[in-house]
Amino acid sequence: QVQLVESGGGLVQAGGSLRLSCAASGRTFSMYSMGWFRQAPGKEREFVADISRSGGNTVYAASVKGRFTISKDNDKNTVHLQMNRLNTEDTAEYYCAARIALTGQYDYWGQGTQVTVSS
């Protein structure tokens, strides 16, 4: 069992930056791939970024590539999402997720943290 707690959300002006964090419980954090997702009001949840168990491989949605950076610290059981050049379309609830398998569905989800970008 893994528990995930997100933090770092808030209100920011367009063009600004935020850094989201996700703290994980448990002693096997290094065995999980981690992902970030987001869901805007009235829209389906969408994939944002993924990072491999070791942190050596990352994948990004086209909409955030070049602006967002996912990173993983296995010693501190945390994963971060650095978000730069934010725009109003990035406004959403952001969730982190953990996956034990190399691919496929994520097994554990956090409660989310709200990011609001004002124009």
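Entry 1. I take buried to mean under 20% relative accessible area, exposed to mean over 50%, and partly exposed to mean anything in between. The model I am looking at is predicted.

Entry 2. I looked up Ser118 against those cut-offs. Its relative accessible area is 26%, so I book Ser118 as partly exposed.

Entry 3. I then asked which strand holds Ser118. Ser118 belongs to strand E11, which covers residues 113-118.

Entry 4. I went through the side chains of E11 one by one. They alternate: Thr113, Val115 and Val117 point to one face and are buried. Gln114, Thr116 and Ser118 point to the other face and are not buried. For reference, in a regular strand the side chains alternate between the two faces of the sheet.

Entry 5. Which residues does Ser118 touch, leaving out those up to four places away in sequence? I found Leu11, Val12, Gln13, Ala14 and Thr88. I also checked Ser118 against Glu46: they are 72 residues apart in sequence, and their C-alpha atoms are 21 Å apart in space.

Entry 6. I looked for the strands that pair with E11. Strand E2 (residues 10-13) pairs with E11 in the parallel sense, over 4 bridges. In that region I note that Gln13 stands opposite Ser118, and Gln13 is also one of the residues that Ser118 touches. Strand E9 (residues 92-99) pairs with E11 in the antiparallel sense, over 3 bridges. There, Glu93 has Gln114 of E11 as its bridge partner.

Entry 7. I turned to the nonpolar interior. The largest nonpolar core has 30 residues, and those with the most contacts inside it are Leu4, Met34, Trp36, Leu81, Met83 and Tyr94. Among the elements that give two or more residues to this core are E9 and E11, along with strand E3 (18-24), strand E4 (33-39) and strand E8 (78-83). As a general note, in soluble globular proteins nonpolar side chains tend to be buried together.

Entry 8. I looked up an open sheet of 4 strands. Its order is E1-E3-E8-E7, and the pairing is antiparallel. Strand E1 (4-7) and E7 stand at the edges with a single partner strand each, so one side of each has no neighbour in the sheet. Neighbouring strands of this sheet are turned by 15 degrees against each other on average, direction ignored.

Entry 9. Last, I checked one pair within that sheet. E3 and E8 pair in the antiparallel sense over 6 bridges. Leu20 has Leu81 of E8 as its bridge partner, and Leu81 is among the core residues with the most contacts.

Note on methods. Residues numbered from 1 in each chain as written. Predicted model: local features only at pLDDT ≥ 70, side-chain atom pairs only at ≥ 80, totals over all residues. Heavy atoms only, no water. Buried < 20%, exposed > 50% of the residue type's maximum accessible area, 1.4 Å probe, protein only. Contact = heavy atoms within 4.5 Å. Pairing = 2+ DSSP bridges. Core = buried A, V, L, I, M, F, W, Y, C linked by side-chain atoms within 4.5 Å. Axes fitted to C-alpha atoms, helices over the stretch in contact; angles between N-to-C directions.
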